[in-house]
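Open the model in your viewer and keep the sequence panel visible. The tour moves from one selection to the next.

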Amino acid sequence: RKFKDTFESFVDYICYQNKYDRIIFFIDDLDRIDPCRAVELMEIIKNYLDCKKCIFVLAIDYDVVIRGVKAKFGETRESKARSFSWCPLIIIMWKNM
């Protein structure tokens, strides 16, 4: 929690200093790394999605996410795969902005 608070404070500072409303993080090529590793990174990123001045845009093949979840948690963990359903939603929202 302490790192997240520090991260948010840093983002607030950068936005204030540069008169930005938000900072957009573009994260590409997650589908080019090992699927299990991609899932681990997405789990970490998910912890920061509620930062008020941050927008995260992920470019990833959703099938890679499903393969990573299955490899990491097994075939029966479909609910875990559904917890990553925000990934296509972010891309759709970004295209509609």
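Start at the N terminus. Select arginine 1 and aspartate 5: their side chains meet in a salt bridge, with N to O at 3.5 Å. A salt bridge here is a side-chain nitrogen of Lys or Arg within 4 Å of a carboxyl oxygen of Asp or Glu. Arginine 1 is exposed at 68% relative accessibility, and aspartate 5 is partly exposed at 34%. Buried means under 20% relative accessible area, exposed over 50%, and partly exposed in between (1.4 Å probe, protein chains only).

A word on the ground rules. This is a predicted model, in which local features need pLDDT of at least 70 and side-chain atom pairs count only at pLDDT 80 or more, while totals for chains, interfaces and linings use all residues. Residues are numbered from 1 along each chain as its sequence is written, and side-chain values use heavy atoms, with hydrogens and water left out.

**The whole chain**

Colour by secondary structure. The protein chain has five helices and two strands. Along the sequence they follow the pattern α-β-α-β-α-α-α. Helices (H or I, at least four residues) and strands (E, at least two) are DSSP runs, numbered from the N terminus.

Now show the surface. About 6,900 Å² is exposed, and carbon and sulfur atoms supply 54% of that area. Accessible areas come from the Shrake-Rupley method with a 1.4 Å probe; for residues, only the protein chains shown count as cover. Of the 97 residues, 28% count as buried.

How much of the contact set links residues 24 or more positions apart? Such pairs account for 73% of the contacts with a separation of 6 or more. Contact means heavy atoms within 4.5 Å.

**The strand pair**

Select residues 23-27, strand S1, and add S2: the two pair in the parallel sense over five bridges. Strands count as paired if DSSP finds at least two bridges between them. Zoom in on isoleucine 23, whose bridge partner in S2 is cysteine 54. Then trace the path from S1 through H2 to S2: this β-α-β crossover is right-handed. To check the hand, point the strands away from you; right-handed means that the path from the first strand over the helix to the second runs clockwise.

**From helix H1 to a distant loop**

Select lysine 4 and aspartate 50. They form a salt bridge, with the closest N and O atoms 2.5 Å apart. Lysine 4 sits in helix H1 (residues 2-18), while aspartate 50 sits in the loop between helix H2 (35-46) and strand S2 (54-58). The pair is 46 residues apart and links distant parts of the chain. Lysine 4 is buried, at 12% relative accessibility.

Step along to cysteine 51, in the loop between H2 and S2. Cysteine 51 is buried, at 3%. Which residues does cysteine 51 contact, leaving aside its neighbours within four places in sequence? They are Lys4, Phe7 and Glu8. Add serine 9: its C-alpha atom is 9.9 Å from that of cysteine 51, although the two are 42 residues apart along the chain.

**The cysteines**

Display the sulfur atoms. A disulfide is a pair of cysteine sulfur atoms within 2.5 Å. By this rule the count is zero. Cysteine 15 is in no disulfide; the nearest cysteine sulfur, that of cysteine 54, is 7.1 Å away. Cysteine 54 is in no disulfide either, and its nearest cysteine sulfur, that of cysteine 51, is 4.7 Å away. Cysteine 15 is buried at 2% relative accessibility. Cysteine 54 is also buried, at 9%.

**Along helix H2**

The structure holds four salt bridges. One of them joins arginine 37 and glutamate 40, at 3.1 Å from N to O. Why can you look for them about one turn apart? Because they are three residues apart in helix H2, about one helical turn separates them. Arginine 37 is partly exposed at 47%, and glutamate 40 is partly exposed at 30%.

**Two positive phi angles**

Finish with the backbone. Most residues other than glycine have a negative phi. Select lysine 19, in the loop between H1 and S1. Lysine 19 has a positive phi of about 60° although it is not a glycine. Is lysine 19 buried or exposed? At 77% relative accessibility, lysine 19 is exposed.

Last stop: aspartate 29, in the loop between S1 and H2. Its phi is also positive, at about 70°, and aspartate 29 is not a glycine. Aspartate 29 is partly exposed, at 32%.
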